[in-house]
Amino acid sequence: MEKEVSLAVDLAGLSLKTPVMTASGTFGFGEEFADFVDLNKIGAIVVKGTTLKPRSGNPGVRIAETPSGMLNCIGLENPGVDAFLTDILPRISKYDAPIIVNISGSSVEEYGVLARMLDVPGVAAIELNVSCPNVKEGGIVFGTDPKSAAAVVREAKKNTKKPVIIKLSPNVTDITVMAKAVEEAGADMISLINTLIGMAIDVKSWRPVLGNVSGGLSGPAVKPVALRLVWQVAQVVKIPIIGMGGIMTAEDAIEFLLAGASAVAVGTANFVNPSAAQDVADGIEAYLKERNLTDVKELVGQLKLK
Amino acid sequence: MLKVALDAVVTAHEVLGPGVKKLVVLAKQIAQTAVPGQFVQLKIKDGEPLLRRPLSIASVDAAAGTVDLIYRVVGKGTQVLADVEKNAVVNCLGPLGKGFDLSCKSPLLVGGGMGIAPLLFLAERLETKPSILMGGRNQSEMFWTTLYKGKVKEIFVTTDDGSVGTKGFTVSLLPELLASGAYDRVVVCGPEIMMKAAAAIAATYQIPCQVSLEKHMACGLGACLSCTCESKDGKKRKKVCQDGPVFWAQEVF
């Protein structure tokens with residue numbers, strides 16, 4: 001008889017049916033994918049980055065495909081937290097998947113305001129975006145300085161009872177300094193990586209391909225970098241890590257789990273395969289069965305160095 | 001309407017004109033539910049190109065379950081697509097977006113370049129045969145007239161070099177056609193500069209006008225926000241992939 005396999009994970013009080021969530025900005029508000037994934041079954045829906053006021057995003061071309069990846073410079077287009085709370089949350093909270101709201105502030109205080117406004121039923125956790133590379137006030141200033149990142153975490157924690165995740169930028173010299181600073185400040189979880197800053201040039205016109213000149217690189221091209229950063233962070237913090245960066249398949253996700261992530265997020269893959277979040281979870285389940293394992297937690301941090 | 005992502009066998013792939021090809025895929029669910037103006041997102045093969053490529057639907061055969069996609073080779077993605085052989089399998093996501101309004105009695109379709117492709121599906125579905133005004137650079141680009149034969153009342157052609165039809169831009173012929181009073185709708189698909197000009201001319205004759213926009217996009221499902229555009233109705237931006245690609249001209253211009 002086949003053994004039952006458990007994919008459920010508990011991250012700092014946040015219970016997920018599977019360790020596979022969707023990365024902010026790649027899954028809309030979830031409902032866009034209702035034809036392709038069962039929103040009652042996936043690990044969590046992390047919604048598009050939300051700001052205090054509505055934002056219309058960057059002008060010009062916003063995406064460009066690059067080798068094994070893509071650049072984007074959307075610029076945090078979103079309807080604002082009020083519209084999220086009144087129009088969107090009531091619509092998507094009918095699904096069983098926990099809703100995690102990614103927030104971006106233009107000041108430390110604004111992160112606190114957003115965290116408080118989102119401390120409502122239907123929101124399972126908040127993710128602090130301190131690493132958006134595409135807008136001046138999109139948080140990357142907070143994401144590259146350990147003191148600022150810690151201040152953002154403390155401000156958010158003061159204003160919400162929900163678990164607080166902080167999404168780290170890969171665009172730093174030493175990720176472990178950032179990770180230790182945010183753990184000490186009280187972050188419940190760390191998610192990483194956000195996109196790597198990159199650019200592309202059109203040799204016909206001698207102009208940047210992207211309207212915003214540079215943008216965030218994502219997709220399979222960034223996976224080795226993301227994996228290394230997750231592994232480094234896993235060596236220095238005790239709080240759970242949500243690993244992401246170029247995960248397209250279950251094998252990719254398993255690499256992140258072995259490196260020390262307790263859960264993973266699927267991002268760019270959603271654009272290529274709209275049922276990626278479900279497919280990756282199903283693939284992890286199949287892998288566990290094949291290896292005669294019963295619980296996904298048996299993979300976490302089990303990288304063998306010798 | 002349910003969107004699907006399905007593996008579709010290529011049943012035909014032929015050259016129509018310089019750099020322009022027609023791909024026919026067996027995608028029954030899409031063929032049976034798609035309406036004119038909608039598009040599909042093709043994942044051409046595993047690996048590169050990574051992202052899907054949006055292609056407008058040029059025709060469907062609901063009985064045979066096939067979808068015709070006409071495209072021009074313009075970049076890396078369409079170059080890879082151009083090399084796909086008959087019987088190969090592509091992944092087809094669709095039908096996507098909102099299509100054309102069909103409640104008109106005597107429409108004039110206006111197409112420029114590859115914008116002529118989705119208008120073919122429209123011509124096939126309209127209750128009364130429309131007329132079409134189409135433009136291109138020269139005679140070699142005007143293979144379209146063959147595809148439209150029997151599906152429209154009249155075909156008006158303009159070319160940049162005058163090698164066939166009237167010499168000039170598509171929109172230069174538009175005022176006199178609209179002045180005749182023969183049309184109650186203008187439907188434009190082509191380069192944005194042409195659509196804007198056509199929409200302005202339609203407005204002066206007070207004829208309702210629809211346009212079909214084209215933008216770079218990743219998901220095609222309204223999630224990535226690569227393709228949003230300003231809307232003229234005040235606040236909310238429009239997603240070309242979801243709220244469009246077809247809009248009333250005054251919504252976006």
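The following exercises, each with a worked solution, concern a predicted model with chains A and B.

**Exercise 1. The barrel of chain A**

Task: Establish which strands close into a barrel in chain A, in what order they stand, and how they pair.

Solution.
1. The barrel of chain A is closed by 8 strands, whose order is S3-S4-S7-S8-S9-S10-S15-S16.
2. The pairing in this barrel is parallel.
3. On average, and with direction ignored, neighbouring strands of this sheet are turned by 25 degrees against each other.

**Exercise 2. A walk from S4 to S9**

Task: Determine how many bridges join S4(A) to S7(A), over how many bridges S7(A) and S8(A) pair, and how many join S8(A) to S9(A); then name the residue that stands opposite Glu127(A) in S9(A).

Solution.
1. Strand S4 of chain A (residues 44-50) runs parallel to S7(A), and 4 bridges join them. Within this pair, Thr50(A) has Ile103(A) of S7(A) as its bridge partner.
2. S7(A) and S8(A) also pair in the parallel sense, over 4 bridges. Here Asn102(A) stands opposite Glu127(A) in S8(A).
3. Strand S8 of chain A (residues 125-129) is joined to S9(A) by 4 bridges, and the two run parallel.
4. On the S9(A) side, Glu127(A) stands opposite Ile165(A). Glu127(A) therefore has Asn102(A) opposite it in S7(A) and Ile165(A) opposite it in S9(A).

**Exercise 3. The burial of S7**

Task: Decide how many residues of S7(A) are buried and which residues lie on each of its faces.

Solution.
1. The count for S7(A) is 5 buried residues of 5, and the strand is mostly covered.
2. One side of S7(A) carries Ile99(A), Val101(A) and Ile103(A), and the other carries Ile100(A) and Asn102(A).
3. Since the residues on either side are all buried, both faces of S7(A) are covered.

**Exercise 4. Helices H2 and H5**

Task: For H2(A) and then for H5(A), identify the buried residues and explain why they lie on one side of the helix.

Solution.
1. In helix H2 of chain A (residues 108-117), the buried residues are Tyr111(A), Leu114(A) and Ala115(A).
2. These residues cover an arc of only 100 degrees around the axis, so they are on the same side of H2(A).
3. The elements covering them include helix H1 (81-92), strand S7 (99-103), S8 and H4 of chain A.
4. In helix H5 of chain A (residues 175-184), Ile175(A), Met178(A), Ala179(A), Val182(A) and Glu183(A) are buried.
5. Down the axis of H5(A), its buried residues fall within an arc of 125 degrees, and therefore line one face of the helix.
6. Their cover includes helix H4 (146-159), strand S9 (164-167), strand S10 (189-192) and helix H6 (223-236) of chain A.
7. After H5(A) comes Gly186(A), with a positive phi near 110 degrees.
8. H6(A), part of that cover, lies across S10 and strand S15 (241-244) of chain A and runs at about 165 degrees to S15(A).

**Exercise 5. The environment of Asp82**

Task: Classify the exposure of Asp82(A) and state what separates its C-alpha atom from that of Met117(A).

Solution.
1. Asp82(A) belongs to helix H1 of chain A.
2. It has 13 C-beta neighbours inside 10 Å. A residue is exposed at 12 or fewer and buried at 20 or more, so Asp82(A) counts as partly exposed.
3. Asp82(A) and Met117(A) are 35 residues apart along the chain, and 8.7 Å separate their C-alpha atoms.

**Exercise 6. The open sheet**

Task: Describe the open sheet of 4 strands in chain A and explain which strands stand at its edges.

Solution.
1. The order of the strands is S5-S6-S14-S11, with antiparallel pairing.
2. Strand S5 (63-66) and strand S11 (196-199) of chain A each have a single partner strand, so they stand at the edges, with one side of each lacking a neighbour in the sheet.
3. Neighbouring strands here are turned by 40 degrees against each other on average, direction ignored.
4. Strand S6 (residues 69-72) and strand S14 (residues 214-218) of chain A run antiparallel and are joined by 3 bridges. Leu71(A) has Leu217(A) as its bridge partner in S14(A).

**Exercise 7. Contacts of chain B**

Task: Characterise the contact between the two domains of chain B and that between the chains.

Solution.
1. The domain assignment gives domain 1 (4-96) and domain 2 (107-252) in chain B.
2. In the contact, 20 residues of domain 1 of chain B meet 18 residues of domain 2 of chain B.
3. S4(B) contributes the most to the domain 1 side, with 6 residues.
4. That side has 13 nonpolar, 5 polar and 2 charged residues.
5. Between the chains, 20 residues from chain B and 24 residues from chain A take part. The chain B side has 12 nonpolar, 4 polar and 4 charged residues.

Technical notes:
Residues numbered from 1 in each chain as written. Chains lettered and ligands numbered in written order. Predicted model: local features only at pLDDT ≥ 70, side-chain atom pairs only at ≥ 80, totals over all residues. Axes fitted to C-alpha atoms, helices over the stretch in contact; angles between N-to-C directions. Domains from an automatic or database assignment. Contact = placed C-beta atoms within 7 Å. Nonpolar A, V, L, I, M, F, W, Y, C, P; charged D, E, K, R; others polar. Arc of directions from axis to C-beta.
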